[in-house]
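Work through the exercises below with the structure open. Each task is followed by a stepwise solution.

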Amino acid sequence: MNILAIESSCDETSAAVVKNGTVILSNVIASSSAMHEKYGGIVPEVASREQLKCILPTIQEALLQAHCTYDSIDAIAVTIGPGLIGSLLIGVETAKTIAFVTGKPIIPVNHVLAHIYANFLNSQLSIINYQFPAIALVVSGGHTELFLMNNARELQWLGGTIDDAAGEAFDKTARLLGFGSRGGLAIQEVSRSEILLRRTGKKSCMKLPRPLIHDDTLNFSFSGLKTAIMREWQKNPKHDKQLVSTLAYEVQESITDVLVSKTIHAAQQYDAKSILIGGGVASNIRLREKFKSSTINFFCPPVALCTDNAACIGSYAFFRGTAVDWHTIEATPNLSVEITE
Ligand code: KG4
Ligand code: ZN
């Protein structure tokens, strides 16, 4: 089954053709992220204008690269939320138009849940069948959510952030340290030297909090970290390279410690056989290292499939989607992730 998938929830416009939920025939991504840098954050109006310009060429390219025409497509999948309304509308209305004109079934997709399914792309079906129950952690710019998966179709929300998302904590710190708006990657890169120094015995001169790490719930909280970092920044008179790399290192350690500890706690609680992660923050090298050194089976998508992309939308639609009448599909910016089936 070939699914043409469309993702336009934020500043990436993406279209993909995915076969049987696991094989990527194409995955084209156009991003306007560089255009937002000078404003220090995503400007919704700019993002949606760029979506509008890119959507048709991106879909055309995805079909071309997959050597497909609409005749060889069995269904359309589209992100309906959560996300920015202006951006979502472009993908949703385009997908509805394609469904209307071609008569193909259309499958609405929650893009936060779809991040988990990036794990199933290009993977062997045996992994998909035998590693359940699993705990899935989605960590992106706007979400930090834990799910129980009893199989590739059944998802149950277990907990999430009560304030800022992990990606937001990375991004806000990055902005404070002068690295622009979507700075998780910058934090990772600048902490490398500090990681090496710590491994060769350098002692810590500050300790940031690990919010809710010992709390019984499976919730997260990252807003207090921001205040702690700000305090350290203001306390230090010299805002030099050393302080920047120390703070970057410490915030990454704090966020990754909490994410790993809570996810493993959930896995123990539900007797899970494996842990899957997804979303932009899942590309973080330190996070992956910490999960890999735990004893549980750990799966993460390749870095290119962690951030927003349409291939994972196509995979989700195959395993978990339901086709609906195109009239009923609406862009839903606040689409909930707190699902129970
Ligand atoms: O999933 P995504 O592409 O978009 C949303 O749905 O939000 O995630 C973007 C987030 C941003 O917060 C970005 O800073 C973060 O993922 N991110 C990273 C890394 N690469 C991207 N955070 C930490 N380490 C990285 N290497
Ligand atoms: Zn995302």
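**Exercise 1. Describe the shell around ligand 1 in this predicted model.**

Step 1. Count the neighbours: 20 residues surround ligand 1. The closest are Gly141, Asp171, Gly184, Gln188 and Asn284.

Step 2. Sort the shell by residue class. Three residues are nonpolar, 14 are polar and three are charged.

**Exercise 2. Find polar contacts of ligand 1 and state how much of its area is buried.**

Step 1. Use a cut-off of 3.5 Å between N or O atoms.

Step 2. Check the side chains. Asp171 places an N or O side-chain atom 2.6 Å from a ligand 1 oxygen. For His111, a polar side-chain atom is 3.2 Å from an oxygen of ligand 1.

Step 3. Check the backbone. A polar backbone atom of Gly184 is 3.0 Å from a ligand 1 oxygen.

Step 4. Turn to area. Ligand 1 alone exposes 560 Å², and the protein buries 94% of this.

**Exercise 3. Locate ligand 1 within the fold.**

Step 1. Identify the site: ligand 1 occupies the space of the largest pocket.

Step 2. List the elements that supply two or more shell residues. They are helix 4 (111–117), helix 6 (166–176) and helix 7 (184–199).

Step 3. Assign domains. Shell residues come from both domain 1 (2–117 + 305–328) and domain 2 (131–301), so ligand 1 lies between them.

**Exercise 4. Place the cis peptide bonds Gly81 to Pro82 and Phe132 to Pro133.**

Step 1. Recall the background: most peptide bonds are trans.

Step 2. Take Gly81 to Pro82: omega is near -15 degrees. Pro82 sits in the loop between strand 4 (75–81) and helix 3 (85–102).

Step 3. Take Phe132 to Pro133: omega is near 0 degrees. Pro133 belongs to the loop between helix 5 (125–130) and strand 6 (134–139).

Methods
Residues are numbered from 1 along each chain as its sequence is written. Chains are lettered from A and ligands numbered from 1 in the order in which they are written. This is a predicted model: local features need pLDDT of at least 70, side-chain atom pairs count only at pLDDT 80 or more; totals for chains, interfaces and linings use all residues. Side-chain values use heavy atoms; hydrogens and water are left out. A residue is near a molecule or strand if one of its heavy atoms lies within 4 Å of it. A polar contact is a pair of N or O atoms within 3.5 Å; within protein, one must be able to donate a hydrogen and the other to accept it, and residues adjacent in sequence count only if both atoms are side-chain atoms. Accessible areas come from the Shrake-Rupley method with a 1.4 Å probe; for residues, only the protein chains shown count as cover. On a 1 Å grid over the protein atoms alone, a cavity is a set of points where a 1.4 Å probe fits but cannot get out, and a pocket is an open set with protein on both sides within 12 Å along at least five of seven lines; lining residues have an atom within 4 Å of a point. A molecule sits in a cavity or pocket if more than half of its atoms lie within 2 Å of its grid points. Helices (H or I, at least four residues) and strands (E, at least two) are DSSP runs, numbered from the N terminus. Ala, Val, Leu, Ile, Met, Phe, Trp, Tyr, Cys and Pro count as nonpolar, Asp, Glu, Lys and Arg as charged, and the others, Gly among them, as polar. Domain bounds come from an automatic or database domain assignment.
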